[in-house]
Amino acid sequence: MQFYNVGKIVNTHGIRGEVRVLPTTDFVDERFAPQQKLYLQGTGAPVELTIERSRQHKGFILVKFVGYDNINDVESFRNHELMVSAADQQPLEDGQYYYHQIIGLTVKTVAGEELGKVKEILAPGANDVWVVERPGKADLLLPVIDDVVKQVDLDNGQVLVELMEGLG
């Protein structure tokens with residue numbers, strides 16, 4: 001089964017089994033809704049967890065899992081990733097992509113010059129920024145806007161971009 005990251009447990013919260021999660025998904029409300037199943041990536045096989053309740057708190061999501069009612073039950077979850085199975089992923093509208101689909105794509109200009117590969121995605125504000133690792137050069141920060149990203153071709157593993165003045 002394939003899994004995709006939706007958040008990281010950064011700490012416990014209180015003594016009643018809640019954990020503090022830093023979400024890494026655009027579908028926070030759906031992913032952390034009661035009765036949703038998430039998988040904890042630990043050292044062995046992923047452990048299935050069911051959400052009892054969750055709430056937003058200071059930029060984090062506080063999550064309580066069914067059957068984990070004490071801080072001692074969740075202490076070992078700290079610094080582990082929460083994942084969703086591929087079958088549970090939300091369908092996306094045309095022109096939208098999951099991070100795991102973009103990371104690793106080859107970036108080429110519309111003129112045919114290969115720039116490098118997308119190694120990371122930042123979400124600093126209004127639009128995402130793709131960090132492109134370039135051999136022998138500093139990383140390129142590409143704003144994900146229509147003026148720059150011209151075509152995403154998942155079948156061929158590449159992205160066509162048009163560099164604006166000041167980029168590159």
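**Aromatic contacts and strand order in a two-domain model**

Arg20 is placed over the face of Phe60, 5.5 Å from the centre of the ring. This contact belongs to a predicted model, and it offers a starting point for a walk through the aromatic residues, the domains and the sheet.

Phe60 is the residue at which strand β5 (residues 60–65) begins, and Phe65 is the residue at which β5 ends. Contacts between aromatic rings form the next topic. Three aromatic pairs are counted in the model. One of them joins Phe3 and Tyr39 in a tilted arrangement, with 4.9 Å between the ring centres and 55° between the planes. Because Phe3 belongs to strand β1 (residues 3–13) and Tyr39 to strand β3 (residues 37–41), this pair ties together parts that are 36 residues apart in sequence. The partners differ in their surroundings: Phe3 is partly exposed, with a relative accessible area of 24%, whereas Tyr39 has a relative accessibility of 11% and therefore counts as buried, the limit being under 20%.

A further pair is formed by Phe65 and Phe77, whose geometry is edge-to-face, at 6.3 Å centre to centre and 70° between the planes. Here Phe65 lies in β5, while Phe77 is found in the loop between α2 (71–74) and β6 (81–85); the two residues are twelve positions apart, and the pair links distant parts of the chain. Both Phe65 and Phe77 are buried. Ring pairs also bring in Tyr68, which forms a cluster with Phe65 and Phe77.

The division of the chain gives these contacts a wider setting. Domain 1 covers residues 3–85 and domain 2 covers residues 99–161. The centres of the two domains, taken over C-alpha atoms, are separated by 30 Å. An unreviewed UniProt entry lists residues 6–87 as "domain: RimM N-terminal". Over this stretch, residues 6–87, the chain is 50% strand and 10% helix, and the C-alpha atoms at its ends are 14 Å apart.

The sheet remains to be described. Six strands form an open sheet with mixed pairing, in the order β10-β9-β8-β7-β12-β11. Its edges are β10 (140–143) and β11 (149–153), each of which pairs on one side only. From one strand to the next, the twist averages 35°. At one end of this order, β11 pairs with β12 (residues 158–161) in the antiparallel sense, over four bridges. Within β12, Val159 is the bridge partner of Val152.

Terms used: Residues are numbered from 1 along each chain as its sequence is written. This is a predicted model: local features need pLDDT of at least 70, side-chain atom pairs count only at pLDDT 80 or more; totals for chains, interfaces and linings use all residues. Side-chain values use heavy atoms; hydrogens and water are left out. Two strands pair if DSSP finds at least two bridges between them. Axes are lines fitted to C-alpha atoms, for helices over the stretch in contact, and angles run from 0 to 180 degrees between N-to-C directions. Domain bounds come from an automatic or database domain assignment. UniProt positions are given in the numbering used here, feature names are shortened, and annotations may be inferred rather than shown by experiment. Rings of Phe, Tyr and Trp (its six-membered ring) pair if their centres lie within 6.5 Å; planes under 30 degrees apart count as stacked, over 60 as edge-to-face and the rest as tilted. Buried means under 20% relative accessible area, exposed over 50%, partly exposed in between (1.4 Å probe, protein chains only). A charge sits over a ring if NZ of Lys or CZ of Arg is within 6 Å of the ring centre and within 35 degrees of the ring normal.
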